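Me: Please take a close look at one helix pair in this structure and describe how the two helices are packed. Put the pair in the context of its chain afterwards.

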Amino acid sequence: MLIAATLAILVVMILAIIRGVIGPTLYDRILAVNMFGTKTVLLISLLGFVMERPQFLDIAIVYALINFISVIGVLRYSDSFAFKQSTHEKESEEP
Amino acid sequence: MEIVIEITSALCLLIGSFLCVSGGVGILRFPDFYTRIHAVGVTDTLGASMILVGLMLQSQESLVVAKLLLILLMTLFINPTATHALAKAAFHNGLMPLLSKRSATDKEP
């Protein structure tokens, strides 16, 4: 059951990477990277149980914190010109 | 008694994996940024917590349970915060939700 859950998480990570590559707007890419980081935390904790190494849980805790800091750090620049430019380009392309 | 715990843990892992895969399909298939946020929210809260509860039931030591509980608490606090900040930034910068054709034509005349 543990190995099946690990494989399911790997499949979800591949799907998130595909959305991150083809995502039409900037926010889709940030969302996909955030989901990829969350799934990485789950994958590390599952791998710790599969390989019977409970030390991996410490790495999972640190990875969860780094993931949050990276998303907030990117959104810190959401007032900048490049972010607003990207959404307006998307709107003008649509019709 | 042990087999009950084993079956409960396997059931939790199965439900968590199903929710994660359905959210992964949703992030590819949904048409809009705001609907994709909904798909990611399902995997980030209920899917992750189900998998972590399933792992908690399987572990023997109390230190491992405490670490898993810490990861669960951080997941439940951090991911809604990040998603909220992302949706707020997108809405402030003028990314409009995708509306249906009929309501768009109703508004125009």
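Reply: In this predicted model, the axes of helix H2 (residues 26-50) of chain A and helix H3 (residues 56-75) of chain A come within 8 Å. They cross at roughly 175 degrees. Angles over 145 degrees count as roughly antiparallel, and H2(A) and H3(A) are therefore roughly antiparallel to each other.

On the H2(A) side, the contact is made by Ile30(A), Asn34(A), Gly37(A), Thr38(A), Thr40(A), Val41(A), Ile44(A), Ser45(A), Leu47(A) and Gly48(A). H3(A) contributes Phe56(A), Leu57(A), Ile59(A), Ala60(A), Tyr63(A), Ala64(A), Asn67(A), Val71(A) and Val74(A). By residue class, this contact has 12 nonpolar and seven polar members, and no charged ones. Glycine is counted as polar here, which applies to Gly37(A) and Gly48(A) of H2(A).

The pair belongs to a chain whose secondary structure comes to four helices and zero strands. Along the sequence the pattern of chain A is α-α-α-α. The radius of gyration of chain A is 17 Å, well over the 12 Å that the globule rule gives for 95 residues, so the chain is more spread out than a compact globule. Its C-alpha atoms fill a box of roughly 55 × 25 × 10 Å along the principal axes. Buried residues account for 36% of the 95 residues in chain A. Of the contacts in chain A between residues at least 6 apart in sequence, 47% join residues at least 24 apart.

As for confidence, chain A has a mean pLDDT of 86, and 91% of its residues reach 70 or more. Within chain A, confidence is highest in helix H1 (residues 2-22), at a mean of 92, and lowest in helix H4 (residues 81-93), at 66. Where pLDDT is low, the predicted coordinates should not be read in detail.

Chain A also has a partner: 38 residues of chain A are in contact with 37 residues of chain B. On the chain B side, the elements that give two or more residues are helix H1 (2-29), helix H2 (33-58) and helix H3 (62-92) of chain B. H3(B) gives the most, with 14 residues. The chain B residues that touch chain A divide into 25 nonpolar, nine polar and three charged. Charged residues are thus a part of that side of chain B, whereas the contact of H2(A) with H3(A) has no charged residues.

Definitions and conventions
Residues numbered from 1 in each chain as written. Chains lettered and ligands numbered in written order. Predicted model: local features only at pLDDT ≥ 70, side-chain atom pairs only at ≥ 80, totals over all residues. Contact = placed C-beta atoms within 7 Å. Rg over C-alpha atoms; globule rule 2.2 N^0.38 Å. Buried ≥ 20, exposed ≤ 12 C-beta atoms within 10 Å, placed from the backbone. pLDDT = per-residue confidence, 0-100. Axes fitted to C-alpha atoms, helices over the stretch in contact; angles between N-to-C directions. Parallel < 35°, antiparallel > 145°, perpendicular 65-115°, else oblique.
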